[in-house]
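Me: Please take a close look at one part of this protein for me. I would like a plain account of one residue and its surroundings, followed by how that part fits with the rest.

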Amino acid sequence: MQRFCPLRPAATGLSLLAVLLAFGAAPATAQVQQPQDTTNVTFDEAVRTALDQNTNIKRAQAQARQSNVQVRSEWMDFAPDLSINSDVSRRVGRNFSQVTGDFTTQSTDFFNLSGRSSVTLFNGFENISSLREARERAGADQTNLKRTQREVVFTVMDQFISLVESREIVRVRREQVEAQRKRLQQIQEFVEAGSRPESDLFTAEADLADAEQQLLQGRREREVSQTQLIQTLQLNPRAAYDFQVPGLEEDAPEPTQYELSALIDEAFQKRLDLRVAEAERRAARQGIRSARSSYYPTVSLGGNYGTDWSSSGVRGDVSDDFMNQLDLNRGGGLSLSISIPVFDRLQRSNQVEQARVQAQNAEYELEDQRQEIALQVRQSYLDYQNAVQQLEAANKRLRAAERARTAAQERYELGSADIVELQNALRDYVDAASQQVRARYELFFQQKRIDYNVGRLSPSAPLLGAPADQ
């Protein structure tokens, strides 16, 4: 609230002129601000947007592409290599001439063209082990991509539920504000009639102000939830959005009977992060075989073929015909090479030991992952059971608070209850209504969390049990 001090007579005219100018400029400012178009976003649209724009998914996609490139690279180790070499040179100085049988001082030009190819016949099965390891890691990265997509969908679903819950809280508090305004008018009539003291009117005004403050707080929580959803979807912060979840507000969660052991067994079968850990373990085992291949000899087959030309001629002929020399000088050969490792300063032993350590760590990570999954399922199971009990207690409290509010209102109108009793009953009802909304959505969220922790949640699944209307 602004505070004004008395104006001196000399400054009164100037101040009045400034006020008039300020009010005169206000319409022009209002004309500049145009109403912002609102974009409707359903849950399915939000999921598609997140799957297209979320950076975690993009990083997982890049890693999966890199793994596929590595698989192709390992496949190419089985194919022969091929290279074509050519060089042109000039030699200047004293050279022995086969034509004159003496040394001459001249410049000689040379041209060479050759091709080489080799293929590995045996390298201790290193190429086979490396290919299998690359395949396992590529499969793990593909599975990790699907797991990341499920994580993003679950995050979007969580934030959607939080947004709808905050909207429900705003609705409850808005209704409370309207009820407090009507009650204030009623108490004002009682005070004017002399049946109630004036202090009751002051208390009712304070209650209305408190209800309005609670409504503002609820609206702020709603905007925070919407901002978090905009951040997850990476939408334009300048635009206005209306996130719609048809039927969620009216969808009453029904308690479901779960069995903990069955949920854990199902999670062990469906959880993608467990499949990733298993693939990493298999890849680490192939890494041991690849490291052990260095103990075996390497057998490779090679071949070369080429020709050359010299400006000094060939076979005693001074002719330097280019095509003739290329035809006369062409030739090639085959080679079979065997490399047997004898001593490499214990490098092979170190590589094998490092591969074994990595394989052992992969085993530990798999065990830890299984334990973590089991604990996550157990915790979500217990949270769901607690959510069921919380909703039952919240429903009982709301019914009791509603009866207490009605009774207190009737007693106050009859004059047998004071404003304090009515005020406490009203506040208890508002709190009970808010807690009932939170408990209802908490139960709905815990049901979805069980689906997520067990591995049932799919990016193509709707938020509700049935597909929402588009």
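Reply: The part chosen here is F190. Leaving out residues up to four places away in sequence, F190 touches S195, R196, Y412 and E413. F190 lies in helix α4, a helix that covers residues 126–193. Two of the residues that F190 touches, Y412 and E413, have numbers that fall within helix α9, which covers residues 347–414. A further position can be given for F190: its C-alpha is 9.0 Å from that of L201, and 11 residues separate F190 and L201 in sequence.

All of this is read from a predicted model, not from an experiment.

Both helices come up again elsewhere. Helix α4 is one of the elements that give two or more residues to a positive surface patch, and α7 (272–292) is another. The patch is formed by R132, R135, R289, R292 and R356. One of these, R292, is placed in helix α7. R292 has a relative accessible area of 40%, so it is partly exposed; partly exposed is the class between buried, under 20%, and exposed, over 50%.

Helix α9 can be followed through two of its residues. R348 is placed in this helix, and so is D368. Their surroundings can be described in turn. R348 has a relative accessibility of 12% and therefore counts as buried, because the limit for buried is under 20%. Apart from neighbours within four places in sequence, R348 is in contact with S294, Y295, P341, V342 and F343. D368, by contrast, has a relative accessibility of 53% and therefore counts as exposed, the limit for that class being over 50%. D368 also belongs to a negative surface patch, together with E365, E367 and E372.

Now for the whole protein. The protein has 10 helices and 6 strands. Of its 470 residues, 36% are buried; R348 is counted as buried too. Among contacts with a separation of 6 or more, 82% join residues that are 24 or more positions apart. The accessible surface of the protein comes to about 29000 Å², and carbon and sulfur atoms account for 50% of it.

To return to the starting point, F190 is in helix α4, and its contacts include Y412 and E413.

Technical notes. Residues numbered from 1 in each chain as written. Predicted model: local features only at pLDDT ≥ 70, side-chain atom pairs only at ≥ 80, totals over all residues. Heavy atoms only, no water. Patch = residues over 30% accessible without salt bridge, like charges linked within 9 Å, V, L, I, M, F, W, Y side chains within 5 Å. Areas by Shrake-Rupley, 256 points an atom, 1.4 Å probe, with all protein chains shown as cover. Salt bridge = Lys/Arg side-chain N within 4 Å of Asp/Glu carboxyl O. Lys, Arg positive; Asp, Glu negative; His and termini not counted. Charge placed at Lys NZ, Arg CZ, Asp CG, Glu CD. Helix = DSSP H or I, 4+ residues; strand = E, 2+ residues; numbered from the N terminus. Buried < 20%, exposed > 50% of the residue type's maximum accessible area, 1.4 Å probe, protein only. Contact = heavy atoms within 4.5 Å.
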